[in-house]
Amino acid sequence: MSAKDIINEKGLDAQEIAAAKRQEAIRKQAEGYTYPATPLQRETLEWFMDQKFGLMVHWGLYNQMGMKESWPLVDKAWTKWQFKPGTTNREVKEMYAQLHRGFLPLRFDPDEWADAAYAAGFRYLCFTTKHHDGFCMWDTKTTDYKVTGSEVPYRNNKNADITRALFNAFRGRGMGISLYYSRGDFSCPYYWEEGYAMRDGTERVPSYDPDQKPEKWKKFQEYTYAQLKELVSDYGRIDALWYDGGCDGVKLGVPEMTEKLREIQPHMLGIMRGGHGVCEDVITPELVFPDGYVNVPWEVCTVMAKPLEEYGESRYTSFGYTYDVDYMTAKEVAHMLLDVVSKGGNLALNIAPQPDGRLPGRALRELAVLSEWMKVFAPAIHGTRAAAPYRTGKFAYTRTKDGRRVHAFYLYDDGERVASEYAVPFEGRARRVTDMRTGGELAFVQSGNTLTVQSDAERVGAPGDIADCFAIEVE
Ligand code: GLC
């Protein structure tokens, strides 16, 4: 029975109820939001809101097996679907414990990634320096469970410090860095005590109660801080620390750690997910898109890979690389981005590399198509702010920061052609309207809150390409 068929006693559709709850959760998060404390951090926040489009990358040992990131180590999770029926928890864990010995992404080229990303309109990288499994994607001194570890065959490659290679390549193109760091760590004996991992029934939280064993917990805090300090001291400018879940961030001391790390880089944003306004400079809904404008800084993360039908419900989404997936088309990506940006947010779109270190060719092909579109339309996305009526029907809006130009994007359906006239909902007084694709001025009549805009005669009937944009100069 699919979730759609589950009707509750009141006759309401269970999915609708779940969707309403998710919207409610976003509203609550927004209500609890507080702006960062210092002018420098608020400047970073403005910068962050200008960037709009982040490339999220989950890369770790899990990519080799094409399985969900880290979660196969957690028995009380929902990851069994991806293994052959009958595979035991223990088999999965024994396999996982070998993975670092086969980490050899010989075709990894950070410059290729950065070029493809920049052209497609991405302006920052959100990279998993450490996911829940604890494997460090940088050359840390705190553990041997790392890309440059003694048993990792890639350790002597010039790009073996993957974090450094990626940060340098992306920064080299003017892109920003949001540093993903997992609060939980299944490899650290101060988080999952010796022997716990192989036991049945593992959970994502620490294997003990931190209140009962404060000394052990303190060691975990020290371990965490030492790692973060390396990353913040030795890896260049970090724009945001993006602390994913695993354990209670307040208990771990994430807000205090972030404050201390700001002695090194005072401008950094702290994005402690689920922080209820504490150390949460940006709210980060996951796989859920707000149904309207949200008036605090937000970033949604989701994946470009589309789970195959047979995977069933979308909760099986993997941020790690999966072999048998399709990818969103350029048009789907652009429409999603326009939806998010028009509601005032950023989109962090995840693409996971293959075990050989390349981004999947099928995803890159779509990014290349997106790049062509971006050449024309990127200026109406980056550096803009949301503008009423935000998102209505097939239109999505942005405006320049000074408010003197509003961009009304029109999102094409498949097979749709350019019409001769458009009724563009618009709340201001228009002075001049141009077709962003051609730069040509368009005739229009304004009546109330509608602009009736005549298309460029030469374009009428042409296939609608992703989206067009009316640039409206405001009186
Ligand atoms: C979810 C996943 C986690 C992933 C994160 C990215 O919380 O469980 O593995 O890193 O989403 O947003």
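In this predicted model, Asp435 and Arg459 form a salt bridge in which the closest N and O atoms are 3.0 Å apart. Asp435 belongs to strand S14 (residues 430-435), while Arg459 sits in the loop between strand S17 (450-454) and strand S18 (467-474), so the contact ties together parts that are 24 residues apart in sequence. Both partners are covered, Asp435 being buried and Arg459 likewise. The pair is also part of a wider arrangement, since a network of salt bridges links Asp435, Arg437, Arg459, Asp465 and Asp468.

The loop between S17 and S18 holds a second feature that rewards a closer look. Ile466, which lies in this loop, has a positive phi of about 60° although it is not a glycine. With a relative accessible area of 5%, Ile466 is buried. As background, most residues other than glycine have a negative phi.

Strands S14 and S18 are themselves paired, running in the antiparallel sense over five bridges. Within this pairing, Arg432 stands opposite Glu473 of S18. The side chain of Arg432 also meets that of Glu441 in a salt bridge, with an N to O distance of 3.2 Å. Here the two partners can be told apart by their cover: Glu441 is exposed, with a relative accessible area of 55%, and Arg432 is partly exposed, at 29%.

These strands take their place in an open sheet of six strands, ordered S10-S11-S12-S18-S14-S15, with antiparallel pairing. Strand S10 (385-392) and strand S15 (441-442) are found at the edges and have a single partner strand each, so one side of each is left without a neighbour in the sheet. In general terms, strands of a sheet pair through backbone hydrogen bonds.

Strand S12 (residues 405-411) is mostly covered, with six of its seven residues buried. On the S18 side, S12 pairs in the antiparallel sense over seven bridges, and Val406 has Ile472 of S18 as its bridge partner. With strand S11 (residues 395-399), the antiparallel pairing of S12 extends over five bridges; here Ala396 has Phe409 of S12 as its bridge partner. The hairpin of S11 and S12 has five residues between the strands, and in this hairpin Gly403 takes a positive phi near 75°.

The edge strand S10 contains Pro389, which a cis peptide bond joins to Ala388, with omega at about 5°. This can be set against the general background that most peptide bonds are trans. A further backbone feature occurs at Lys52, which has a positive phi of about 65° although it is not a glycine. Lys52 is located in the loop between helix H2 (39-51) and strand S1 (53-57), and it counts as buried at 2% relative accessibility.

Salt bridges are found beyond the sheet as well, and the structure holds 40 of them. One of these joins the side chains of Asp185 and Lys130, with N and O 2.7 Å apart. Asp185 is in the loop between strand S3 (176-182) and helix H7 (214-234), and Lys130 is in strand S2 (residues 124-130), so this pair ties together parts that are 55 residues apart in sequence. Asp185 and Lys130 are both buried. Side chains of opposite charge can pair in this way when their charged atoms come close.

Attention turns finally to the ligand. The residues that surround the ligand are His58, Glu69, Trp71, His131, His132, Tyr180, Trp242, Asp244, Arg273, Glu286, Cys301 and Phe319. By class, this shell comprises five nonpolar, three polar and four charged residues. Several polar side chains approach oxygen atoms of the ligand. For His58, an N or O atom of the side chain is 2.6 Å from a ligand oxygen. Glu69 places a polar side-chain atom 2.7 Å from an oxygen atom of the ligand, and for Asp244 the corresponding distance is 3.2 Å. Taken alone, the ligand exposes 300 Å², of which the protein buries 91%.

Notes:
Residues numbered from 1 in each chain as written. Predicted model: local features only at pLDDT ≥ 70, side-chain atom pairs only at ≥ 80, totals over all residues. Heavy atoms only, no water. Near = heavy atom within 4 Å. Polar contact = N/O pair within 3.5 Å; in protein donor to acceptor, adjacent residues only side chain to side chain. Areas by Shrake-Rupley, 256 points an atom, 1.4 Å probe, with all protein chains shown as cover. Nonpolar A, V, L, I, M, F, W, Y, C, P; charged D, E, K, R; others polar. Salt bridge = Lys/Arg side-chain N within 4 Å of Asp/Glu carboxyl O. Helix = DSSP H or I, 4+ residues; strand = E, 2+ residues; numbered from the N terminus. Buried < 20%, exposed > 50% of the residue type's maximum accessible area, 1.4 Å probe, protein only. Pairing = 2+ DSSP bridges.
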